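Reader: Hi! Could you take me through one part of this model in close detail, with the cut-offs spelled out as you go? I'd love to hear about the salt bridges.

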Amino acid sequence: MSLEQLIKKCIKQDAKAQSQLYKQYASKLFSLCLKYCSNYAEAEDVLHDAFITVFSKIDQYKNKGSFEGWLKRIAINTALQRYRDDVGVYDIINEGNIEDVSVDLNDDELSLDFLLGIIQELPNRYRLVFNLYVLDGYSHVEISELINISTGTSKSNLARARLILKEKIESYKANLNSQSL
């Protein structure tokens, strides 16, 4: 069955088509949800909520652009909405000048699991901005609009996330070096 046929059946609330669509895209969307959630269970909840939104609004998809991109946008927005609903997640912080810190995520000594793990450990607001900016390519202006913070706060949160990641990577490497001696 083509994607277009599958979408048409989902619009008609066909349970088999919905199940097929879920099976086809759940793993990709779940990995996306994991980037924005602090743990596995939370990512499962966000995925579930995202698919509820997908099935209730699938008639709004107009075959313009990628369907997978449309699904990803819903999953990201679902995760963002969860954070917006949490009280105090976006407390105003001092946006004083913080130096831009670069983090090398392409280091051969670092496993993907390690990198994903330390990103998951970031405080919510830092992880969210880091993922949106670094991994998904949003600008600070777009991030500020998506999560209702100032552009300066977005930049500050990114710099702080990078600083935390840099410190964890340096500590990890120092630990590796001391073990090899």
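Author: Happy to; here is a walk through the salt bridges, pair by pair. The model is predicted, so local features need pLDDT of at least 70 and side-chain atom pairs count only at pLDDT 80 or more, while totals for chains, interfaces and linings use all residues. Residues are numbered from 1 along each chain as its sequence is written, and side-chain values use heavy atoms, with hydrogens and water left out.

A search of the whole structure finds six salt bridges, each being a side-chain nitrogen of Lys or Arg within 4 Å of a carboxyl oxygen of Asp or Glu. One of them joins Lys8 to Glu4, with the closest N and O atoms 3.5 Å apart. Both residues belong to helix α1 (residues 3–11) and sit four residues apart, about one turn of the helix; helices here are DSSP runs (H or I, at least four residues), numbered from the N terminus. Lys8 is partly exposed at 49% relative accessible area, and Glu4 is partly exposed at 42%; that label covers values between buried (under 20%) and exposed (over 50%), using a 1.4 Å probe and protein chains only.

Arg82 and Asp49 form another salt bridge, at 3.7 Å from N to O. This pair links distant parts of the chain, with Arg82 in helix α4 (residues 67–85) and Asp49 in helix α3 (residues 40–57), 33 residues apart.

Glu68 and Lys72 also meet in a salt bridge, at 3.4 Å from N to O. They are separated by about one helical turn because they lie four residues apart in helix α4. Salt bridges with shared partners connect Lys28, Glu68 and Lys72 in one network.

Methods: Helix = DSSP H or I, 4+ residues; strand = E, 2+ residues; numbered from the N terminus.
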